[in-house]
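User: I am new to this structure and would like a close look at a single part of it, set in its surroundings. Please take me through it slowly, in one connected answer.

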Amino acid sequence: MSQAGPESGRPIDGPSARSAPGRSVRRLAYVMSRFPKLTETFILFEMLAVEQSGVAVEIFPLLRERTSVIHPEAAPLVERAHFQPFLSPAILASQAHFLLRRPRAYLGALAALMRGTWGSPNYFFGGLAIFPKVVHDARLMEDLGIEHVHCHFSNHPAAAGFVIHRLTGIPYSFTAHGSDLHLDRHMLGPKLEEAAFALTISEDNLREMEATCGSLARARTSILRCGVDTSVFEPPASRPQAPPLRVVCVGTLHAVKGQTYLVDACARLAAAGLDVTCDLVGDGPDEAALRERIAAGGLEDRIRLLGRRTRAQIAELLATSHVLVAPSVPTPDGRREGIPVVLMEAMASGLPVVASRLSGIPELVRDGETGLLAEPADVAGLAAAIRRLAEQPELRARLGAAARATVLADYDLRTNADRLLTRLGHVRSAGAPLPTGSPAEAFGP
């Protein structure tokens, strides 16, 4: 694959970070909204892959996720993550530390945060709420010798990186994913201006950033796809072929995931005589409404709600299913997905997928080549695509093979972790963020 610079908006490429001569980051901090969040496997396993490359990772979640189910791989990281309350004697001491030693940096960071988020109640009040703990995190990062901060999501985590950089000079970067861009882009410009670089997972997201920040977005931002472990998600030795057609849908039970449209599509297919079952994996605010919809349609013997599942359990379920459906839709408040990671997991498993023609999804699922697309909220379109796969097993096989090849090329966890580390090497060898508006350097040896 050809190498490309950030100004191109093409995917990051280049040699393995393990052999990149410029790489010198040895202690890296990660900031995310919540940890350990079951649905954010892309953060968890990226951090593990980075550690496997020899980089020490420190984890600074803004909030602790209270959950009864976590991935086993997350347990050791939870034990050493730096969870902070909103206020404590130590946090107050850190405010005094910076006010006495770097008052202009402290007050300037607070003023910039308030100014940048003014007009967005979520960002403004949320930013004020996390500011004291982020200041404390900045002090801890200095004590730990952190060389770079990488933030997942362009909203509150990137604001935290901005504050930490203002207080300490430690460079930061952030990855923009989906609804963190689509719902609210307050302060995106200042975050881009002061970040060493920014990443996003799709061309569609990059266009959203350009709509707000113009050429600055493309000058500072590169595309780095989310990655999945293609040794965990891989085609089974054999997949059951006998009816019924086994459909699976994985995701939080929330309107943005569109499960109601899949339930209606299954009802339509069953009424037309197709032998089909569907497993819905996940939990969330729409669970009760979905149960009612399933019962109203007389589909209790066809559609199961399985609740939360670990990565290993999802991999096993994908190996025994025939089709994965991701019926994502935009919500009235503007929320929409970027590219659901479960699509990558299913495709890596050699499973044909049906997904919505929305956001960055068509960049992964090319209609008729690596999967099938339907319009968002189109029950008839979803049903037609599922029926087509039910009636054409050879199409299922062809799409599944092409899907895995696509994931291996552009969405492999270890490859993309190496690409991130290569990018961090360029930051450290350059010594400082690029001046605002200057052309970014090309990737390469």
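Analyst: In this predicted model, the largest nonpolar core has 63 residues, and those that touch the most other members are Phe-35, Met-47, Val-50, Leu-324, Leu-343 and Val-365. Helix H1, residues 41–52, gives the most to this core, with 8 residues. Val-50 shows how such a residue is surrounded: leaving out residues up to four places away in sequence, Val-50 touches Leu-28, Tyr-30, Val-55 and Val-57, and also Ala-417, Leu-420 and Leu-421. A second, separate core has 39 residues, among them Ala-112, Phe-162, Ile-170 and Leu-192.

Ala-112 leads to the part that deserves the close look, helix H4, because Ala-112 is one of the buried residues of H4, together with Tyr-106, Ala-109, Leu-113, Gly-116 and Thr-117. Seen down the axis of H4, these buried residues fall within an arc of 135°, and so they line one face of the helix. The helix itself covers residues 103–117, which makes 15 residues, and its span from first C-alpha to last is 21 Å, close to the 21 Å expected at 1.5 Å a residue. On the face turned away from the buried side, H4 carries the exposed residues Arg-104 and Arg-115.

What do the buried residues of H4 pack against? Their partners are three helices, namely H3 (89–101), H5 (121–144) and H6 (156–168). Just after H4 the chain comes to Gly-119, which takes a positive phi of about 100°.

The contact with H5 can be followed through aromatic rings. In general, a pair of aromatic rings is described by the distance of the centres and the angle of the planes. The whole structure holds 4 aromatic pairs. Tyr-106 and Phe-131 form one that is edge-to-face, with 5.3 Å from centre to centre and 70° between the planes. This pair links distant parts of the chain, since Tyr-106 sits in helix H4 and Phe-131 in helix H5, 25 residues apart. Both Tyr-106 and Phe-131 are buried. Another edge-to-face pair is made by Trp-118 and Phe-124, at 5.2 Å centre to centre and with 85° between the planes. Here the two partners have contrasting surroundings: Trp-118 counts as exposed at 62% relative accessibility, whereas Phe-124 counts as buried at 10%. Ring pairs also bring in Phe-125, so that Trp-118, Phe-124 and Phe-125 are linked into a cluster.

Charged side chains make a further link to H5. The side chains of Arg-102 and Glu-142 meet in a salt bridge, with 3.0 Å from N to O. This pair, too, links distant parts of the chain, with Arg-102 in the loop between H3 and H4 and Glu-142 in helix H5, 40 residues apart. Arg-102 is partly exposed, with a relative accessible area of 29%, and Glu-142 also counts as partly exposed, at 29% relative accessibility.

That salt bridge can be set beside others in the structure, which holds 25 salt bridges. Glu-40 forms one with Lys-37, where the closest N and O atoms are 3.8 Å apart; Glu-40 is buried, with a relative accessible area of 10%, while Lys-37 counts as partly exposed at 31%. In another, between Lys-257 and Glu-337, the closest N and O atoms are 2.3 Å apart. Lys-257 lies in the loop between strand E7 (245–250) and helix H11 (259–271), and Glu-337 lies in the loop between strand E10 (323–326) and helix H14 (341–348), so the pair links distant parts of the chain, 80 residues apart. Lys-257 and Glu-337 are both buried. Salt bridges that share partners also join Arg-185, Asp-204, Arg-207, Glu-208 and Arg-336 into one network.

Helix H5 has one more neighbour to mention. His-82 has its place in the loop between helix H2 (75–80) and H3, and at 18% relative accessibility His-82 counts as buried. Apart from neighbours within four places in sequence, His-82 is in contact with Glu-58, Ile-59, Phe-60 and Pro-61, as well as with Leu-140 and Leu-144. His-82 and His-156 are 74 residues apart in sequence, and their C-alpha atoms are 17 Å apart in space.

Notes
Residues are numbered from 1 along each chain as its sequence is written. Side-chain values use heavy atoms; hydrogens and water are left out. Helices (H or I, at least four residues) and strands (E, at least two) are DSSP runs, numbered from the N terminus. The expected span of a helix is 1.5 Å times one less than its number of residues. Buried means under 20% relative accessible area, exposed over 50%, partly exposed in between (1.4 Å probe, protein chains only). The arc is that of the directions from the helix axis to the C-beta atoms. Contact means heavy atoms within 4.5 Å. A salt bridge is a side-chain nitrogen of Lys or Arg within 4 Å of a carboxyl oxygen of Asp or Glu. A nonpolar core is a set of buried Ala, Val, Leu, Ile, Met, Phe, Trp, Tyr and Cys residues joined through side-chain atoms within 4.5 Å. Rings of Phe, Tyr and Trp (its six-membered ring) pair if their centres lie within 6.5 Å; planes under 30 degrees apart count as stacked, over 60 as edge-to-face and the rest as tilted.
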